[in-house]
Amino acid sequence: MLSKVKIIDIPEITAPDGSGTLAVVEKDCIPFQIKRVYYLYNVPASATRGGHAHKKLLQCLVALNGSFTIKLNDGNSETSYTLDSPNKALFIPNKIWRDMENFSKGAICLSLVSEEYDEADYIRNYKDFLKFKKD
Ligand code: TYD
């Protein structure tokens with residue numbers, strides 16, 4: 001399952017006059033239809049976010065500002081990614097446990113997701129996650 005995790009390059013347009021960069025997220029860029037967008041900020045450096053898996057929801061994360069680390073676990077193996085660029089999206093399929101940590105000061109984490117918010121889609125207990133993966 002971790003083999004489906006990937007970093008996606010978000011196309012960007014850099015103004016030739018040096019006036020900045022514009023990144024464009026279009027439907028061909030993201031491997032699902034985006035139903036909702038939310039973002040995380042004011043995260044203390046000592047905080048851990050995530051601590052859950054989704055049964056169905058697919059997600060892309062982008063560090064719009066600053067950086068943070070995402071640890072991913074599919075019940076068998078682990079990997080981690082540090083996002084620190086607004087033109088990179090991390091695609092996380094469903095059924096993957098994630099923890100997010102090491103937020104830099106001012107970090108903003110954009111989430112693009114495939115589903116409406118539904119607490120029933122979350123698995124928030126790691127033992128339940130392992131059981132869910134076996135069933
Ligand atoms: P959660 O998805 O666990 O955030 P993170 O993965 O960043 O730690 O959500 C944190 C809290 O916010 C949790 O109580 C559920 C709530 N929440 C909503 O009410 N609506 C939403 O759209 C989202 C994403 C979360």
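**Exercise 1. In which strand does Thr69 lie, and is this residue buried or exposed?**

Welcome! Keep in mind from the start that this is a predicted model.

Step 1. Find the residue along the chain: Thr69 belongs to strand E7, which covers residues 68–73.

Step 2. Look up its accessibility. Thr69 has 11% relative accessibility, and the cut-off for buried is under 20%. Thr69 therefore counts as buried.

Step 3. List its partners. Setting aside neighbours within four places in sequence, Thr69 is in contact with Ser80, Tyr81, Thr82, Asp99, Met100, Glu101 and Asn102.

Step 4. Pick out the polar contact between side chains: the side chain of Thr69 meets that of Thr82 at 3.0 Å.

**Exercise 2. Work out whether Asp17 is buried or exposed, and find a polar partner for its side chain.**

Step 1. Go to the loop that runs between strand E2 (12–14) and strand E3 (21–23); Asp17 is found there.

Step 2. Check the accessibility. The value for Asp17 is 62%, and exposed means over 50%. Asp17 therefore counts as exposed.

Step 3. Follow the side chain. Asp17 makes a polar contact of 2.6 Å with the side chain of Ser19.

**Exercise 3. Describe the overall build of the protein chain, from its secondary structure to its surface.**

Step 1. Take the elements: the protein chain has one helix and twelve strands. Reading along the sequence gives the pattern β-β-β-β-β-β-β-β-β-β-β-β-α.

Step 2. Judge the compactness. The radius of gyration is 15 Å, close to the 14 Å that the globule rule gives for 135 residues, so the chain is as compact as a globular protein of that length.

Step 3. Picture the box: along the principal axes, the C-alpha atoms fill roughly 55 × 35 × 25 Å.

Step 4. Turn to burial and surface. Of the 135 residues, 39% count as buried. The chain exposes about 8000 Å², and carbon and sulfur atoms supply 49% of that area.

Step 5. Look at how contacts span the sequence. Among contacts with a separation of 6 or more, 77% are between residues 24 or more positions apart.

**Exercise 4. Identify the residues around the ligand and the protein atoms that lie at its oxygen atoms.**

Step 1. Name the shell: the residues around the ligand are Arg36, Tyr38, Leu40, Arg49, Gly50, His52, Tyr117, Tyr122 and Arg124.

Step 2. Sort the shell by character. Its residues divide into four nonpolar, two polar and three charged.

Step 3. Inspect the distances to ligand oxygen atoms. A polar side-chain atom of Tyr122 lies 2.6 Å from one, and a polar side-chain atom of Arg49 lies 3.1 Å from one. For Gly50 the atom is a backbone N or O, at 2.8 Å from a ligand oxygen.

Step 4. Consider how covered the ligand is. Taken alone, the ligand exposes 530 Å², and the protein buries 62% of that.

Step 5. Place the shell on the fold. Strand E4 (36–40) and strand E5 (49–54) are the elements that give two or more residues to the shell.

**Exercise 5. Locate Tyr117, one of the residues around the ligand, and describe its surroundings.**

Step 1. Find its place: Tyr117 sits in the loop between strand E11 (108–113) and strand E12 (122–123).

Step 2. List its contacts. Leaving out neighbours within four places in sequence, Tyr117 is in contact with Arg36 and Tyr122. Both of these partners also appear among the residues around the ligand.

Step 3. Add the polar contact: the side chains of Tyr117 and Glu119 are joined at 2.6 Å.

Step 4. Compare sequence with space. Tyr117 and Leu57 are 60 residues apart in sequence, and their C-alpha atoms are 9.1 Å apart.

Note on methods:
Residues numbered from 1 in each chain as written. Predicted model: local features only at pLDDT ≥ 70, side-chain atom pairs only at ≥ 80, totals over all residues. Heavy atoms only, no water. Near = heavy atom within 4 Å. Polar contact = N/O pair within 3.5 Å; in protein donor to acceptor, adjacent residues only side chain to side chain. Areas by Shrake-Rupley, 256 points an atom, 1.4 Å probe, with all protein chains shown as cover. Helix = DSSP H or I, 4+ residues; strand = E, 2+ residues; numbered from the N terminus. Nonpolar A, V, L, I, M, F, W, Y, C, P; charged D, E, K, R; others polar. Rg over C-alpha atoms; globule rule 2.2 N^0.38 Å. Buried < 20%, exposed > 50% of the residue type's maximum accessible area, 1.4 Å probe, protein only. Contact = heavy atoms within 4.5 Å.
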